[in-house]
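I sat down with the coordinates today and kept notes as I went. Here is what I looked up, entry by entry.

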Amino acid sequence: MNKFLKNLVLNIFFLLVGFFYELPFITGSKPLAYYFKLNGDQLFHINRLHSLSHVFTNPIAFDSYHGVGYGVNFFYPWITFYPASLFSKLLNSEAKGMVVFLATVTYATLAVSYYACKKYLNWNSKQSIIFSLLWTFSTYRGINFFNRTDIGELLATIFIPLLVTSFLDFLLHKEYKNWIVISLSMSAILLSHVLSTLIMTIVLLLILIINYRHSLDVKVWINLLKAVIATSLTTMLYWAPMLQQKYYIPTLRPFTAVLSDWALNIDDLFIHSIGSSYLTPNIGLLLILIIIYGVFNFSKLSANNKQLLAVTLVCLWLCTKAFPWHLLQNTPVNYLQFPWRFMLIATLFLCLLGATFLSKIQGKYLILLFSIIFASNYALIQGLPSENILPMNRDTSIAKYYKDYVNNDYYPKAAEKEGYNIEQKEFILNGKKKKANYKESSTTFTTTLINNNNKKMVADIPILYYLGVTAKVNGKDVTILKSARGTVKLLLNKGKNKIVISSKYTKLAVYSQIISLVTFVLCCCWLIYTRLRKN
């Protein structure tokens, strides 16, 4: 079989597996849903999806997140999630668009992890496929996919194997040209999930420290500096506008978790992993068996595999209450929220080890093993709650969630105590609370207010104030002020005032997008050029 045909067959296999992975979503036997008992991120991300319909020209959607003009797209990276909006438009259904997008994410996870191992670890096809399947069907990813539906972290898991394998090749084999792959993969992670970027930065630093002899080479740091600069410019479309908003408008941060409360008991981690449930954070039975095998055969492992196992055990320790998390509670580390997020790295390294161990097994036994894994995934999905859920398989249901769902992360701090009144569309006209008719769309908030006095009326509109929010009164642009409760404030003349509020990107945001696009194109061109020159 020639190389092209082999790759074609392999990608068709990955695509079919991507849809099989979420088969209950497709058949409706267990639809994508928000589980009240599990308190996942489904409602947050389905609102994000709706807010992307016109995101390139209008960063704020005024008919999602309870219609308050929530500026989530200023603070949560969205570019890697945008294909979900394209699928939704193509299928004329956000419910179907989300399901197809999630299947595509699984396909991309399989394909990228396979080719990363082939290219940067120099593994054969068998070993690379084993890793690809282990990583994609890992229990921790299953929890993120079916329990929490954390879109950001799921997108990050596509690129994490590429980042780690290219970095190991870069450091251990002096493949300094990999700096551009390191940059592009880290950029993709940052533009998907900021917390995963923080975790991966810690992991890369740990790899540098463990391999300190390789780290002494000045070329390592020169090329890492290139990667840092390229990553900073490629991701500028996200961090520059976000910092601008935070500088001019103090905003609420995501909730501050008590780290020690969210860390796991060691015995709970072990017991839940034995059960491999999608209900609570764990790494699954297979990875527990890989740890046991690695520990009992530690002396026989290669130096690199010993390092992987050691880092894995450290990461699992970080997931538990055995680590003194209370010492880091009042530091920036508390942005991590859940210490069990380090299972992401433990899972990655255990899958790499597992691929090494399992590659020695005959093919027929591997087929049996993965058949069991595929069936177990289907059974674990069926084990998710059937009561107290909000299904997301109908657009009519999803439309209701846009109106009802509230999330005050990234609200202006001034709006913190007034959030309920703003969400209930309470206008304040000349200091008096009023109700008024209004109309919401994905790009505008429209209302008409009448001023019967000769003096200008101070109108406090229940739309959150961010940089880039604009207003027209009777077709003319007007200056927007910020009210004491963090909302849009206008000064209205006597008579009938038709108000249309919309949003646009600031000049800094537009320039940042251009810089990021140019940097990305240049990096891709340079990568292609180096590949062609090598061939």
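**Ground rules.** Before talking about helices, I note that a helix here is a DSSP run of H or I with at least four residues, numbered from the N terminus. I also remind myself that this is a predicted model.

**Entry 1: a pair within one helix.** I looked up Asp-404 and found a salt bridge to Lys-400, with the closest N and O atoms 2.6 Å apart. Both residues sit in helix 21 (residues 395-404), four residues apart, about one turn of the helix. Then I asked how open each partner is: Asp-404 is partly exposed, at a relative accessible area of 42%, while Lys-400 is exposed, at 52%.

**Entry 2: a pair that spans the sequence.** Next came Asp-460 and Arg-485, whose side chains form a salt bridge at 3.0 Å, N to O. Asp-460 belongs to strand 7 (residues 457-464) and Arg-485 to the loop between strand 10 (481-482) and strand 11 (487-492), so this pair ties together parts 25 residues apart in sequence. I checked burial too, and both Asp-460 and Arg-485 are buried.

**Entry 3: a network.** My tally of salt bridges for the structure is nine. Which residues are linked in a network of salt bridges? I found Asp-41, Arg-148, Asp-150, Glu-153 and Arg-341. Within it, I looked at Glu-153 and Arg-148, whose side chains meet at 3.7 Å, N to O. Glu-153 and Arg-148 are both buried.

**Entry 4: a serine in a helix.** I moved on to Ser-88, which is in helix 5 (residues 82-91). Is Ser-88 buried or exposed? I have it down as buried, because its relative accessible area is 8% and the cut-off for buried is under 20%. A polar atom of the Ser-88 side chain lies 2.8 Å from the backbone oxygen of Ala-84. Leaving aside residues up to four places away in sequence, Ser-88 touches Leu-49, Ser-93, Glu-94, Gly-97 and Met-98.

**Entry 5: cysteines.** I searched the whole structure for disulfides and came back with zero. Why does Cys-315 have no such bond? The closest cysteine sulfur, in Cys-319, is 7.1 Å from the sulfur of Cys-315, and that is too far for a bond. I noted Cys-315 as buried, at 5% relative accessibility. Cys-523 tells a similar story: its closest cysteine sulfur is in Cys-524, 7.0 Å away, again too far for a bond. Cys-523 is buried as well, with a relative accessible area of 7%.

Methods:
Residues numbered from 1 in each chain as written. Predicted model: local features only at pLDDT ≥ 70, side-chain atom pairs only at ≥ 80, totals over all residues. Heavy atoms only, no water. Helix = DSSP H or I, 4+ residues; strand = E, 2+ residues; numbered from the N terminus. Buried < 20%, exposed > 50% of the residue type's maximum accessible area, 1.4 Å probe, protein only. Polar contact = N/O pair within 3.5 Å; in protein donor to acceptor, adjacent residues only side chain to side chain. Contact = heavy atoms within 4.5 Å. Salt bridge = Lys/Arg side-chain N within 4 Å of Asp/Glu carboxyl O. Disulfide = S-S within 2.5 Å.
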